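Please open the model in your viewer and keep the sequence panel beside it, since this tour moves from one selection to the next. At each stop, make the selection first and then read on.

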Amino acid sequence: MTFGQLRLDGVSRSFGTANALRGLDLTIARGEFVALLGPSGCGKSTALNCLAGLLPLTEGSIWLDDTRIDGRPPEQRGFGMVFQNYALFPHMSVRANVGFGLKMRKVGRAEARRRIDEALRLVQLTEHAAKFPAQLSGGQQQRVAIARAVVLEPPVVLMDEPLSNLDAKLRLEMRMEIRRLHQTLGLTTVYVTHDQEEALSLADRLVVLREGAVQQVGTPEEVYAQPVNSYVASFMGYRNLLDVTVTATAGPLATVEGDGIRLTGANRGALTEGSAKVAIRPEDFVVGDGMENALDVTVEIVEYHGRELSVSARLGTGMPVYFRTDKRLAPGDTVKIGVPAERVLVFAP
Ligand SMILES: Nc1ncnc2c1ncn2[C@@H]1O[C@H](COP(=O)(O)OP(=O)(O)OP(=O)(O)O)[C@@H](O)[C@H]1O
Ligand SMILES: [Mg+2]
């Protein structure tokens, strides 16, 4: 099946009086890799299950080009699904698990064998084909689930936190594998995760959700560098979130004060006065004298991260500040740090 785009139009789902998903509008182009990102309970799985046809919509519609599909049962949509909990058939071998969907679709034997072999090769499980799920590691089971979904060469693959149970190394490996599968098979992928690094590294576009509502849709670069509000910023690694008051504005800049500090930053909330929130990424601070937005801090905790140190420090007022540096700092050191105004984002509270 080929299509141009998959479109969600005001897709909503409530459970009783709770709105798990509120009016999701999203157009996904064929071949695109879209990540749904947000904390636990924000509606990611709900959105994916609505797409898959496992959950009826309360409102809205879903379209493949000009065909409305939200009334169709899952099997008629034919989307591939990788569940977080794998959901493998325990009494079937790896090969039979991967081939199950092909059998259901009455794909010929030779053709099925060819496709299963190819899928097993892609997820590097060829030598485990005869094993049963209980004889596999979690990561191997996860790869069986992925092979089972992609072997059908579905028009759209939906993945719900498919790497959540893997160790750090395997997670990185499988992340690349998933991106490679997406590219080589020309898939359209909707990928659910709460891990912003995973979303940033995998997806062409990110959809950031909060309590069922979209906060921002954009490329990784856009969402990372230009979060639209302090919620998205905090999710994108802007670990320093300070409550401040706007005291002056000048063009695109706002000067803010609070708790003994005074900073000039990019006015992202079109603010003129009043309370605001400032977001600064730890890696945007620089240690040294004579910098913009200079702060005097006392180092408290130093974490080793290879080339860099991750430092927790405090201002004179006791307010915590987090920064990264390649300077060898130690607890108790007092240093000056600064940050360019364009890296200080000022949002409405
Ligand atoms: N069957 C259900 N009945 C009632 N409430 C539900 C049901 N399924 C989900 N919810 C609620 O809807 C909201 C969104 O749930 P959802 O599973 O989509 O979250 P999520 O973003 O996938 O979270 P997680 O990262 O923890 O998997 C939650 O508040 C959840 O409690
Ligand atoms: Mg979920």
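## First stop: the shell around ligand 1

Start with ligand 1 and the residues around it: helix 1 gives the largest share of this shell, namely three residues. Keep in mind throughout that the model you are looking at is predicted.

Now select the whole shell, which is made up of F15, A18, A20, G38, S40, G41, C42, G43, K44, S45, T46 and H194. If you colour these residues by class, you should find four nonpolar, seven polar and one charged. Besides helix 1 (44-52), strand 2 (18-29) also supplies at least two residues of the shell.

## Second stop: the whole chain

Zoom out until the entire chain is in view, and you will see a C-alpha trace that spans about 70 × 45 × 35 Å along its principal axes. The secondary structure comes to nine helices and 20 strands, and 37% of the 349 residues count as buried.

Next, select residues 6-236, which an unreviewed UniProt entry lists as "domain: ABC transporter". Within this span, 38% is helix and 26% is strand, while the C-alpha atoms at its two ends lie 27 Å apart.

## Third stop: the sheet that holds strand 2

Return to strand 2 and add its neighbours, so that you have an open sheet of four strands in the order 2-1-4-5, with antiparallel pairing. Strand 2 and strand 5 (67-68) stand at the edges with a single partner strand each, so one side of each has no neighbour in the sheet. Strand 5 is joined to strand 4 (residues 59-64) by two bridges, and to find one of the paired positions you can select W63 together with its bridge partner R68 in strand 5.

## Fourth stop: helix 6 and the loop before it

Select E161, which lies in the loop between strand 7 (156-160) and helix 6. Although E161 is not a glycine, it has a positive phi of about 45°. With 19 other C-beta atoms within 10 Å, E161 is partly exposed.

Then select helix 6 itself, residues 168-184, whose 17 residues reach 24 Å from the first C-alpha to the last, close to the 24 Å expected at 1.5 Å a residue. Which residues of helix 6 are buried? They are M174, I178, L181 and H182, and because they cover an arc of only 95° around the axis, they fall on the same side of helix 6. Turn to the other side of helix 6, and there K169, M176, R180, Q183 and T184 are exposed.

## Fifth stop: strand 14 and its two partners

Select strand 14 (residues 274-280), which is mostly covered, with five of its seven residues buried. One partner is strand 11 (residues 240-250), which pairs with strand 14 in the antiparallel sense over seven bridges; there you can pick out L241, which stands opposite A279 in strand 14. Strand 20 (residues 345-347) also runs antiparallel to strand 14, and three bridges join the two. For this second pairing, select V278 and look for its bridge partner, V346, in strand 20.

## Last stop: the five-stranded sheet

Finally, select strands 15 to 19, which form an open sheet in the order 15-19-16-17-18 with antiparallel pairing. The edge strands are strand 15 (286-287) and strand 18 (320-325), each of which pairs on one side only. As a reminder for reading any such arrangement, strands of a sheet pair through backbone hydrogen bonds.

In the loop between strand 15 and strand 16 you will find N293, which has a positive phi of about 50° although it is not a glycine. N293 is partly exposed, with 19 other C-beta atoms within 10 Å.

Follow the chain onward into strand 16 (residues 295-305), which pairs with strand 17 (residues 308-315) in the antiparallel sense over eight bridges. These two strands form a hairpin with two residues between them, and G306 in the turn has a positive phi of about 75°. Along the hairpin, Y304 has L309 of strand 17 as its bridge partner, and V299 stands opposite A313 of strand 17. Strand 16 is also joined by four bridges to strand 19 (residues 334-338), which runs antiparallel to it, and there L295 stands opposite I337 of strand 19.

Definitions and conventions: Residues are numbered from 1 along each chain as its sequence is written. Chains are lettered from A and ligands numbered from 1 in the order in which they are written. This is a predicted model: local features need pLDDT of at least 70, side-chain atom pairs count only at pLDDT 80 or more; totals for chains, interfaces and linings use all residues. Two strands pair if DSSP finds at least two bridges between them. A residue is near a molecule or strand if its C-beta atom, placed from the backbone, lies within 6 Å of it. Ala, Val, Leu, Ile, Met, Phe, Trp, Tyr, Cys and Pro count as nonpolar, Asp, Glu, Lys and Arg as charged, and the others, Gly among them, as polar. UniProt positions are given in the numbering used here, feature names are shortened, and annotations may be inferred rather than shown by experiment. The expected span of a helix is 1.5 Å times one less than its number of residues. A residue is buried if 20 or more other C-beta atoms lie within 10 Å of its own, exposed if 12 or fewer, and partly exposed in between; C-beta atoms are placed from the backbone. The arc is that of the directions from the helix axis to the C-beta atoms.
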